[in-house]
Amino acid sequence: MVKSNDLTSQLLPTIITSRGVLAMLVTSQILACVLAFSPMSYEDVWVRLGMFSLFIHCVSAVGFSLLYFLQAQLSRCNMFSQATVIIIIFECITATLSIAVPFLTPIEGLEVDGSFVLKNMTICLFVSLLFIHSMSIFLDKLQTVEALSQVELEALSARIRPHFLYNSLNTIAELTHIDKNHAEQAVITLAQLCKATMCTQQLSSLNDELQLARQYVELERWRFSERLSVNWSMPSSIPNVQIPVLSVQPLLENAVIYGVETNPELTQIDIELTLYKRQIELKICNSYHHTDVHSHQGQGMAQNNIRARLALHFGNKATLQTQQTQDKYTALLIIPIGEKS
């Protein structure tokens, strides 16, 4: 009945959700329609449909309510125990309501015997097993998608780290010909950067990402000196928001590569962080020569990489937007506050 090998304490939280309630409502109504339109010996088909719908929805509503209040205790049990308790709860509710049918139905002379109760409990058993089986398949699919997303995230991170390291080593190589002391400090800074980028987790705080970006700026400042000017516009307090690792530094690196390296004059990079109620916007703007209008086409790999990781973590709630004018390139990173896909 179950595909996944490790569903402990996960079946019940999967059922007691909006998706689980919706599945219950749809399943209950389908069952009511099947029973109502089957050959019967009493009352009109629409009366039967109303009676069956009321009976089945009552069983479902009471059962889900009990599961909701018992989920704290049941969450400590394994999946088999949870499934057993779910079946027992719905069987007991079905038997109780079946016995109470003569007191609740408008049909005169309706008698309830053991076979009536047994039939209802048998139907409830098969429906409960089918429902649990369907939810376990859905849970197995969720686990598969999550595992594939984790693998894809690791692959994306593995692609972007060598790219960053390659450019940083080129910077240090050029510094060795200019200033050995600065080159030594640059190596220390690169070691700190590598330590931050080699972390195993896929999420990092916004504050850490900004600190990583500042360290990268210092590394490039030794290389370009007066050709690079960076203006930081940050709020007094940065919220504790989790974003994918290496979401900010590659954008700043692109601004340096395509805005500073190709420009023999001063290049201004503006970094502005704006806080809103439900989201954070980080804007990175850099100037460049009007003769180098198409230079930013080469940074698609880093931007697509960041977009892919944002989508895996936040879905469509986080975006990376870019805009190019005659003499300025802007990257806008939008991150939701307190949300995760």
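## The open sheet

In this predicted model, five strands form an open sheet with mixed pairing, and their order is β2-β4-β5-β7-β6. Strands β2 and β6 (319–324) lie at the edges, each pairing on one side only. From one strand to the next, the twist averages 10°. As general background, the strands of a sheet pair through backbone hydrogen bonds, in either a parallel or an antiparallel sense.

One pair within the sheet can be described in detail. Strand β5 (residues 279–287) pairs with strand β7 (residues 328–336) in the antiparallel sense, over nine bridges. Within this region, I284 has A331 in β7 as its bridge partner.

## Helices across the sheet

Two helices may be considered together with the sheet. Helix α8 (residues 206–224) lies across β2, β4 (267–275) and β5. The direction of α8 is at about 160° to β2.

Helix α9 (residues 249–259) lies across β2, β4, β5, β6 and β7. Relative to β5, helix α9 runs at about 15°.

## Nonpolar cores

The largest nonpolar core has 30 residues, and those touching the most other members are V248, L252, I269, I284, L310, L333 and I335. At least two residues of this core come from each of α8, β2, α9, β4, β5, α10 (300–314) and β7. Helix α8 gives the most, with six residues. Another core, of 25 residues, lies apart from this one, and its members include M24, F52, I86 and C124. In soluble globular proteins, nonpolar side chains tend to be buried together.

I335, already named in the largest core, also illustrates contact between distant parts of the sequence. Leaving aside residues up to four places away in sequence, I335 touches V241, I243, R278, Q279, I280, L310, F314 and A318. Among these neighbours, L310 is also listed with the core residues that touch the most other members.

## Two serines compared

Is S205 buried or exposed? S205 counts as buried because its relative accessibility is 12%, and the cut-off for a buried residue is under 20%. This serine is placed in strand β1 (residues 203–205). Its side chain makes a polar contact with the side chain of D208, at 3.0 Å. S205 also touches N240, V241 and Q242, when residues up to four places away in sequence are not counted.

S233 belongs to strand β2 (residues 228–233), which is an edge strand of the sheet. With a relative accessible area of 34%, S233 is partly exposed, since this value falls between the limits of 20% and 50%. Not counting residues up to four places away in sequence, S233 touches I271, E272 and L273. The C-alpha atoms of S233 and T274 are separated by 8.7 Å, although the two residues are 41 residues apart along the chain.

## The chain as a whole

The protein chain has ten helices and seven strands. Of its 341 residues, 42% are buried. The chain exposes about 18500 Å², and carbon and sulfur atoms supply 59% of that area.

How much of the contact set joins residues 24 or more positions apart? Among contacts with a separation of 6 or more, such residues account for 73%.

Note on methods
Residues are numbered from 1 along each chain as its sequence is written. This is a predicted model: local features need pLDDT of at least 70, side-chain atom pairs count only at pLDDT 80 or more; totals for chains, interfaces and linings use all residues. Side-chain values use heavy atoms; hydrogens and water are left out. Helices (H or I, at least four residues) and strands (E, at least two) are DSSP runs, numbered from the N terminus. Buried means under 20% relative accessible area, exposed over 50%, partly exposed in between (1.4 Å probe, protein chains only). Contact means heavy atoms within 4.5 Å. Accessible areas come from the Shrake-Rupley method with a 1.4 Å probe; for residues, only the protein chains shown count as cover. A polar contact is a pair of N or O atoms within 3.5 Å; within protein, one must be able to donate a hydrogen and the other to accept it, and residues adjacent in sequence count only if both atoms are side-chain atoms. Two strands pair if DSSP finds at least two bridges between them. Axes are lines fitted to C-alpha atoms, for helices over the stretch in contact, and angles run from 0 to 180 degrees between N-to-C directions. A nonpolar core is a set of buried Ala, Val, Leu, Ile, Met, Phe, Trp, Tyr and Cys residues joined through side-chain atoms within 4.5 Å.
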